[in-house]
Amino acid sequence: MQKKANTVGEFVKEIAESQNLKPSDLGARINTSKQNISDIYKRNTIDSELLLTLSKALNYNLFSYYDDKEPIVGFRNAETREWQVKIDNLTYALSLKKDLLNEKEKLIIAQEKLIAELEKKSKP
């Protein structure tokens, strides 16, 4: 869903309305009044426990409101860079192991040829 909301309260309202829920319907889901829901819709901030309760009631991750806001974006970007470094290191280590296995395979083939030649020479 594309966010139009300027506040987390407006975001909750958008999600509720997208599910055709009136404030009284959402209030019934979380055991509060229509007036409390209307007040929530006006908030700039919402306690994380209440946001979790609302997320469950709406079956929607309301914490996603913060996905494009700092410092969440910075944290996610840093985490992504860390994981990319780990992936790159593992990819490099895997390529080294593949090269080593190829060399060992060539050595085995050479040894098998040498053994076969030595067996030919040792037969009368």
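Me: Helices here are DSSP runs of H or I with at least four residues, numbered from the N terminus. With that settled, which residue just after H1 takes a positive phi?

Reply: In this predicted model, the residue is Asn 20, which sits just after H1 and has a phi of about 55°.

Me: And how many helices and strands are there in the protein chain?

Reply: The protein chain has five helices and zero strands, so in order along the sequence the pattern reads α-α-α-α-α.

Me: Back to H1, then. Which of its residues are buried?

Reply: Taking buried as under 20% relative accessible area, the buried residues in H1 are Val 8, Gly 9, Phe 11, Val 12, Glu 14, Ile 15 and Ala 16.

Me: What do they pack against?

Reply: The buried residues of H1 pack against three helices, namely H2, H3 and H4.

Me: Which helices supply the largest nonpolar core?

Reply: That core holds 19 residues, and those touching the most other members are Val 12, Leu 26, Ile 46, Leu 54, Leu 58 and Leu 62. At least two core residues come from each of H1 (8–18), H2 (23–30), H3 (34–41) and H4 (48–58), with H1 giving the largest share, five residues. As a general point, nonpolar side chains in soluble globular proteins tend to be buried together.

Me: What is Leu 62 in contact with, neighbours within four places aside?

Reply: Once those sequence neighbours are set aside, Leu 62 contacts Phe 11, Val 12 and Ile 15, and it also contacts Leu 51, Leu 54 and Ser 55.

Me: Changing topic, where are the domains?

Reply: The domain assignment places domain 1 at 8–66 and domain 2 at 68–123, and their centres, taken over C-alpha atoms, are separated by 51 Å.

Me: What does UniProt place at residues 12–66?

Reply: An unreviewed UniProt entry gives "domain: HTH cro/C1-type" for residues 12–66. In the model that span is 62% helix and 0% strand, and its end C-alpha atoms lie 12 Å apart.

Me: How does the radius of gyration of the chain sit against a compact globule of 124 residues?

Reply: The protein chain has a radius of gyration of 31 Å, whereas a compact globule of 124 residues would be near 14 Å. Along its principal axes, the C-alpha trace spans about 105 × 25 × 25 Å.

Me: What percentage of the chain is buried, and how much area does it expose?

Reply: Buried residues make up 21% of the 124 residues, while the chain exposes about 9,700 Å², with carbon and sulfur atoms supplying 55% of that area.

Methods
Residues are numbered from 1 along each chain as its sequence is written. This is a predicted model: local features need pLDDT of at least 70, side-chain atom pairs count only at pLDDT 80 or more; totals for chains, interfaces and linings use all residues. Side-chain values use heavy atoms; hydrogens and water are left out. A nonpolar core is a set of buried Ala, Val, Leu, Ile, Met, Phe, Trp, Tyr and Cys residues joined through side-chain atoms within 4.5 Å. Buried means under 20% relative accessible area, exposed over 50%, partly exposed in between (1.4 Å probe, protein chains only). Contact means heavy atoms within 4.5 Å. Domain bounds come from an automatic or database domain assignment. UniProt positions are given in the numbering used here, feature names are shortened, and annotations may be inferred rather than shown by experiment. The radius of gyration is taken over C-alpha atoms; the globule rule is 2.2 Å times the number of residues to the power 0.38. Accessible areas come from the Shrake-Rupley method with a 1.4 Å probe; for residues, only the protein chains shown count as cover.
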